[in-house]
Amino acid sequence: MIRSDWENQFVEYFRVRAQPLRRLAYALCGDWHTAEDLVQLTFVRLYRRWPRLRDESVDAYARKIVVNAFLTHRRDRRRESLMAEPPERAAGGADPAETLAIRRALADLAPRQRAAVVLRYLEDLPVTEVAALLGITEGTVKSQTARAIQSMRTALHGAALTRE
């Protein structure tokens, strides 16, 4: 079976961008299985539109699909799934308790706030791009991230007090 040129381009894009999109999805949802599902959905949607996409907008479009899939997933699923232990171990040098506290603080944020923080600080996207991805104004991105960071600081400060 001979692949067309656009299919070869899609396969190459998948090879290069699947892992970074998986990390983005995990940062949003905090669960590797759900992250895999979000990325799979993203690539299915990308495949359907691939011949019509412009090269310069593919990454932004892929991130937008991941974020929207995450927000839809959170809306559709009202309960969090609880696990006895985190699925992976922290890398050497990082304090596991601190890492876990940060993940919990991030998980406690509202879905849009979490998406804004992840896109802004973990993906290092500019405010304008985050606003475009989330479909909100730049001012809303700034206020949501500021509130989210303050909430995380409060939660982390409370976690530090309980450890002492």
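**Note on an all-helical predicted model**

1. In this protein, residues 24 or more positions apart account for 64% of the contacts with a separation of 6 or more. The model is a predicted one, and the points below should be read accordingly.

2. As to secondary structure, the protein contains 7 helices and 0 strands. Read along the sequence, the pattern is α-α-α-α-α-α-α.

3. On exposure, 34% of the 164 residues count as buried. The accessible surface of the protein amounts to about 10,400 Å², and carbon and sulfur atoms contribute 53% of that area.

4. The largest nonpolar core comprises 42 residues. Within this core, L28, F43, L46, L119 and L134 have the most contacts. Two or more residues are given to the core by each of α1 (5–29), α2 (32–49), α3 (58–76), α4 (96–107), α5, α6 (127–134) and α7 (138–163). The most is given by α1, with 10 residues. As a general remark, nonpolar side chains in soluble globular proteins tend to be buried together.

5. L119 merits separate mention, being among the core residues with the most contacts inside the core. With neighbours within four places in sequence left aside, L119 is in contact with L24, V67, D124, L125, V130, L133 and L134. One of these partners, L134, is likewise listed among the core residues with the most contacts.

6. The packing of α5 against α6 can be described in geometric terms. Their axes lie 10 Å apart, and the helices pack at an angle of about 140 degrees. An angle over 145 degrees would count as roughly antiparallel; α5 and α6 are therefore oblique to each other. The crossing of the two helices is right-handed.

7. The residues that form this pairing can be named on both sides. From α5, the participants are R112, A115, A116, L119 and R120; from α6, they are V127, V130, L133 and L134. L119 thus appears in the α5–α6 pairing as well as in the nonpolar core, and L134 does so from the α6 side.

8. A further residue of α5 deserves comment. Q113 is found in this helix, which spans residues 111–122. Is Q113 buried or exposed? Its relative accessible area is 14%; the cut-off for burial is under 20%, so Q113 counts as buried. Residues up to four places away in sequence not being counted, Q113 touches Q144, R147 and A148. These three partners fall within the range given for α7, 138–163.

How values were computed
Residues are numbered from 1 along each chain as its sequence is written. This is a predicted model: local features need pLDDT of at least 70, side-chain atom pairs count only at pLDDT 80 or more; totals for chains, interfaces and linings use all residues. Side-chain values use heavy atoms; hydrogens and water are left out. Helices (H or I, at least four residues) and strands (E, at least two) are DSSP runs, numbered from the N terminus. Buried means under 20% relative accessible area, exposed over 50%, partly exposed in between (1.4 Å probe, protein chains only). Contact means heavy atoms within 4.5 Å. Accessible areas come from the Shrake-Rupley method with a 1.4 Å probe; for residues, only the protein chains shown count as cover. A nonpolar core is a set of buried Ala, Val, Leu, Ile, Met, Phe, Trp, Tyr and Cys residues joined through side-chain atoms within 4.5 Å. Axes are lines fitted to C-alpha atoms, for helices over the stretch in contact, and angles run from 0 to 180 degrees between N-to-C directions. Angles under 35 degrees count as roughly parallel, over 145 as roughly antiparallel, 65 to 115 as roughly perpendicular and the rest as oblique. A crossing is left-handed if the near helix is turned anticlockwise from the far one by less than a right angle, and right-handed if clockwise.
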